[in-house]
Amino acid sequence: MARTRTPVVSGWFTENAPDGGGFRLLGTRCSACTAVFFPREDAFCRNPRCPGGGELAEVPLSPRGRVWSYTDGRYRPPAPYVSDPAAPWEPYTLVAVELEAEGMVVLGQAAPGVGVADLAVGMEVEVVGGVLHEDAGTTWTTWLFKPVGGAA
Ligand SMILES: [Zn+2]
């Protein structure tokens with residue numbers, strides 16, 4: 001049976017960016033002060049220096065950024081983290097990526113096969129689509145970061 005591909009968080013990314021750029025994170029930008037928000041802010045601009053009166057419009061974020069920090073999770077987090085205690089714990093790598101144009105740092109997991117030994121602060125990485133987990137009927141999709149040029 002084919003699984004349905006479903007974003008693990010609705011509206012945070014697209015697999016087909018409107019500019020033809022493929023997979024992109026989605027934020028919102030304030031039309032009054034140009035501040036960009038990720039996770040998306042749809043209610044009101046959170047920039048304290050905003051003159052006000054702007055509207056928040058969805059924008060795809062930069063497809064590439066630079067590693068700001070990274071770490072790995074080798075142990076299962078305690079409750080209330082949701083995981084199947086019967087399943088083997090899969091270590092993962094978490095990357096904080098600075099997007100220069102947006103002036104922000106975005107957190108995400110590294111692509112499969114990319115570990116802390118493959119990363120360095122300042123390294124250029126790109127955002128790609130990936131699978132967080134699968135269950136009987138659903139492939140839960142998310143965003144991942146991988147080094148540009150496939151060095152890993
Ligand atoms: Zn604003």
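Which pattern does the chain follow when read along the sequence? The succession is β-β-β-β-β-β-β-β-β-β, with 10 strands and 0 helices.

**Figure 1. Overview of the predicted model.** The C-alpha atoms occupy a box of roughly 50 × 35 × 35 Å along the principal axes. The chain comprises 152 residues, of which 22% count as buried. Of the contacts between residues at least 6 apart in sequence, 54% link residues at least 24 apart. Mean pLDDT for the chain is 90, and 93% of the residues reach 70 or more. Among the elements, strand S1 (residues 4-7) has the lowest mean pLDDT, 90, whereas S3 has the highest, 97.

**Figure 2. Close-up of the largest nonpolar core.** This core contains 17 residues, and the members that touch the most others are Leu 25, Val 95, Val 97, Ala 110 and Phe 145. At least two core residues come from each of strand S7 (92-99), strand S8 (104-110), strand S9 (124-134) and strand S10 (138-147).

**Figure 3. Close-up of the surroundings of Val 95.** Once neighbours within four places in sequence are set aside, Val 95 is in contact with Val 67, Tyr 70, Gly 108, Ala 110, Leu 119, Val 125 and Phe 145. Val 95, Ala 110 and Phe 145 are also among the residues that touch the most other members of the largest core. Across the strand pairing, Tyr 70 stands opposite Val 95 in S7.

**Figure 4. Close-up of strand S6 (residues 64-73) and its pairing with S9 and S7.** S6 and S7 are antiparallel and pair over 7 bridges. Within this pairing, the residue that Tyr 70 faces in S7 is Val 95. S6 and S9 also run antiparallel, joined by 3 bridges. In S9, Glu 124 stands opposite Arg 66.

**Figure 5. Close-up of the second core, with Cys 30 in view.** Apart from the largest core lies another of 5 residues, including Cys 30, Ala 35, Val 36 and Cys 45. Cys 30 is placed in strand S3. Is Cys 30 buried or exposed? Cys 30 has 22 C-beta neighbours inside 10 Å and therefore counts as buried, the threshold being 20 or more. Leaving out neighbours within four places in sequence, the contacts of Cys 30 are Ala 35, Cys 45, Asn 47, Cys 50, Gly 54 and Leu 56. Ala 35 and Cys 45 thus appear among these contacts and are also listed among the members of the second core. Cys 30 and Arg 46 are 16 residues apart along the chain, and their C-alpha atoms are separated by 9.3 Å.

**Figure 6. Close-up of Thr 34 in the loop between strand S3 (24-30) and S4.** The phi angle of Thr 34 is near 65°, a positive value in a residue other than glycine. Thr 34 is classed as exposed because 12 other C-beta atoms lie within 10 Å, and the class covers counts of 12 or fewer.

**Figure 7. Close-up of the cis peptide bond between Phe 38 and Pro 39.** Omega for this bond is about 0°. Pro 39 belongs to the loop that runs between strand S4 (36-37) and strand S5 (56-60).

Methods
Residues are numbered from 1 along each chain as its sequence is written. This is a predicted model: local features need pLDDT of at least 70, side-chain atom pairs count only at pLDDT 80 or more; totals for chains, interfaces and linings use all residues. Helices (H or I, at least four residues) and strands (E, at least two) are DSSP runs, numbered from the N terminus. pLDDT is the predictor's confidence in each residue, from 0 to 100. A nonpolar core is a set of buried Ala, Val, Leu, Ile, Met, Phe, Trp, Tyr and Cys residues joined through C-beta atoms within 7 Å. Two residues are in contact if their C-beta atoms, placed from the backbone, lie within 7 Å. Two strands pair if DSSP finds at least two bridges between them.
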